[in-house]
Amino acid sequence: MTTPLLGQMMDVPLIVSSLLAHAARHAGSTEIVSRRIEGDLHRYTYRDCEQRAKQLAQALIALGVAPGERVATLAWNGYRHLEAYYGITGFGAVCHTINPSLFPDQIAYIVNHADDAYVLFDTTFAPLVDALAPQCPKVRGWIALADEAHLPAMQTPVLSYETLMAAQDGNFAWPYLDERQASYLCYTSGTTGNPKGALYSHRSTVLHAFGASLPDAMSLSARDAVLPVVPMFHVNAWGIPHAAPLTGAKLVLPGKDLDGKSLYELMEGERVTYSAGVPTVWLGLLNYMREAGVQFSSLNRTVIGGSACPPAMLRTFEDDYGVQVIHAWGMTEMSPLGTLSKLTWEQSRRPLAEQRKSLEKQGRAIYGVDMKIVGEEGRELPWDGVAFGDLHVRGPWVIDRYFRKDDSPLADGWFPTGDVATIDRDGFLHITDRSKDVIKSGGEWISSIDIENVAIAHPAVAEAACIACAHPKWTERPLLVVVRRAGASVTREELLAFYEGKVAKWWIPDDVAFVDELPHTATGKLQKLKLRDIFRDHVLPSALEDEKNCSLARGNPV
Ligand code: AMP
């Protein structure tokens with residue numbers, strides 16, 4: 001056997017600290033602007049950020065945190081959270097970002113499961129920390145992201161972040177780590193059962209940052225000012241805190257106020273060119289802008305993902321406000337980016353209406369993600385835009401196994417995402433459902449997301465969810481649950497008529513239920529499990545009709 005000839009290039013590990021070190025050296029004076037919990041706007045540069053991240057690393061080492069230990073954050077998007085990202089991972093500890101909107105019991109479970117050594121928290125979460133601390137006895141200390149003057153009155157003994165930082169000089173060299181060491185720990189939102197941990201590595205985080213920055217992905221650059229609305233506690237804010245220093249983009253961090261007015265004013269004030277968030281957040285921003293009669297002066301693109309972006313929202317952004325929407329799909333287990341809606345050379349030469357149809361989908365896989373759809377017995381399905389199947393993925397930033405779980409979630413080396421999708425000839429993915437939300441009518445699948453998108457395009461509809469309802473003849477039929485826009489009125493019949501010509505006849509919901517609000521998960525996704533529970537006993541008019549016919553056929557009295 002011959003020995004393979006090895007390349008003779010430097011063996012420099014792909015480590016998270018190198019991203020900030022690069023920005024500090026090559027975009028050192030570029031600003032990071034944060035709206036603070038204290039109420040003011042804080043501004044400093046990548047150079048300052050690296051200096052303080054090093055102070056934090058020194059402070060944590062002084063507290064006895066060892067490489068590999070988990071240090072958690074409960075924080076909004078802000079400069080201290082960014083320092084935590086780099087200060088914790090920079091010396092080999094693991095930054096565990098916790099979603100504060102989960103139920104306190106779930107958070108306590110996560111903290112204990114992760115075995116967090118310290119927890120850094122924004123002072124808004126002081127009551128939550130007081131509730132958690134007695135349930136998390138192994139946490140060695142709770143650190144408030146504030147100076148002594150802003151420490152909240154609490155039952156739990158806490159340390160001041162700024163006091164810890166002041167004791168350090170920042171004279172610290174980022175160590176070379178093994179790139180396969182763990183970097184971040186993110187838990188899934190746990191819509192069913194306990195949340196599960198996805199443990200990223202330095203290598204996966206850096207490769208993901210490269211992938212995210214590509215022109216056909218987020219296309220960030222040193223000429224952008226990027227405002228991630230997506231929280232840094234949710235899948236690393238889709239990688240923006242890593243892609244921004246990699247590219248040298250200015251970062252604008254919005255803190256806790258995510259209402260339309262606050263976001264709009266920050267975007268305008270900081271000349272933001274680029275943003276990213278879930279559809280619910282954009283609803284608030286668009287509502288505010290419509291009512292205030294204002295336009296963007298600098299924003300030109302935004303990533304929308306986390307849930308399907310309704311085509312109506314895409315059109316409003318593009319036609320009314322001149323903002324390009326990049327529809328993205330991904331998940332915690334994928335760091336999270338998988339696909340983004342950027343057209344190919346060939347697609348961009350097709351008629352505009354066709355281009356738009358493509359852009360409504362979740363887009364093409366970026367390099368680093370391979371995907372396939374499979375049917376029964378794992379058989380791969382064709383990419384014809386018609387065949388629905390379970391979506392499987394693989395790649396260097398895709399999960400191999402969950403934190404502290406022995407059994408592998410993989411099937412033949414691929415990760416089953418739990419999403420159901422089609423892929424068309426252009427390689428464009430279209431998510432039609434979560435597999436557990438699929439509606440099976442007479443053995444055929446109906447896409448609940450497509451049904452919802454039609455409803456949302458109706459001017460009187462604020463939000464809509466489509467769920468399966470039991471049916472004697474078809475097994476399941478779609479029920480549409482709708483929240484009307486404030487002050488608007490629409491009837492069941494008007495809404496059902498609105499579907500004519502927009503979807504196949506048999507996809508039109510059998511009934512409409514109007515509600516004041518829909519249940520959401522902590523990350524803003526519709527909680528269909530809960531909704532199905534609420535409407536468990538709902539009887540569809542068509543079911544009654546069919547029940548009657550079946551009974552008559554059986555000769556039973558009705
Ligand atoms: P999470 O891990 O909390 O980020 O949730 C990931 C899940 O959100 C995915 O598996 C999808 O079900 C859903 N999701 C994310 N992005 C999209 C999108 N653009 N369209 C439809 N569903 C999405």
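Hi everyone, let's start in a loop: Ser219 sits between α7, residues 202–213, and β10, residues 225–228. What makes Ser219 worth a stop is its phi, which is near 50°, a positive value in a residue that is not glycine. As a reminder, most residues other than glycine have a negative phi, and most peptide bonds are trans. Before I go on, please keep in mind that this is a predicted model.

That reminder about peptide bonds leads to the next stop. Which peptide bond is cis, with omega near 10°? The bond that runs from Ser335 to Pro336. Pro336 also belongs to a loop, this time the one between β14 and β15, with β15 covering 337–340.

β14 brings us to the ligand. Strands β14 (324–330) and β20 (429–434) each give at least two residues to the shell around the ligand. Which element supplies the largest share of that shell? It is β14, with four residues. There are 16 residues around the ligand, and those that come nearest are Ala328, Thr332, Gln362, Asp419 and Arg434. By character, the shell splits into eight polar, five nonpolar and three charged residues.

Now for the polar contacts, since I know you'll ask. Gln362 places a polar side-chain atom 2.9 Å from a ligand nitrogen. On the backbone side, a polar atom of Ser307 is 3.5 Å from a nitrogen atom of the ligand. Then there is Lys525, with a side-chain N or O atom 3.2 Å from an oxygen atom of the ligand. How much of the ligand's accessible area does the protein cover? The ligand on its own has 490 Å², and 92% of that is covered.

We met β20 in the shell, and β20 is also part of a sheet. This sheet is open and has four strands in the order β17-β18-β19-β20, paired antiparallel. The edges are β17, residues 370–374, and β20; each has a single partner strand, so one side of each lacks a neighbour in the sheet. Ignoring direction, neighbouring strands here are turned by 45° against each other on average. Looking at one pair, β17 and β18 (residues 389–394) run antiparallel and are joined by five bridges. One example on the residue level is Asp370, whose bridge partner in β18 is Arg394.

There is another open sheet, with seven strands and mixed pairing, in the order β7-β6-β5-β3-β4-β8-β9. Which strands pair on one side only? Those are the edge strands, β7 at 158–160 and β9 at 197–201. In this sheet the average turn between neighbouring strands is 25°, again with direction ignored. Strand β8, residues 182–187, runs antiparallel to β9, and four bridges join the two. Within that pair, Cys186 has Ala198 of β9 as its bridge partner.

Last topic: aromatic rings. A pair of aromatic rings is described by two things, the distance of the centres and the angle of the planes. The count for this model comes to eleven aromatic pairs. Let me pick out Tyr44 and Tyr79, which are edge-to-face, with 5.4 Å centre to centre and 75° between the planes. Where in the chain do these two tyrosines come from? Tyr44 is in strand β2 (residues 41–45) and Tyr79 is in helix α3 (residues 79–90), so to speak two distant parts of the chain, 35 residues apart.

That's my tour, thanks for listening, and I'm happy to go back to any of these spots on the screen.

Terms used. Residues are numbered from 1 along each chain as its sequence is written. This is a predicted model: local features need pLDDT of at least 70, side-chain atom pairs count only at pLDDT 80 or more; totals for chains, interfaces and linings use all residues. Side-chain values use heavy atoms; hydrogens and water are left out. A residue is near a molecule or strand if one of its heavy atoms lies within 4 Å of it. A polar contact is a pair of N or O atoms within 3.5 Å; within protein, one must be able to donate a hydrogen and the other to accept it, and residues adjacent in sequence count only if both atoms are side-chain atoms. Accessible areas come from the Shrake-Rupley method with a 1.4 Å probe; for residues, only the protein chains shown count as cover. Ala, Val, Leu, Ile, Met, Phe, Trp, Tyr, Cys and Pro count as nonpolar, Asp, Glu, Lys and Arg as charged, and the others, Gly among them, as polar. Two strands pair if DSSP finds at least two bridges between them. Axes are lines fitted to C-alpha atoms, for helices over the stretch in contact, and angles run from 0 to 180 degrees between N-to-C directions. Rings of Phe, Tyr and Trp (its six-membered ring) pair if their centres lie within 6.5 Å; planes under 30 degrees apart count as stacked, over 60 as edge-to-face and the rest as tilted.
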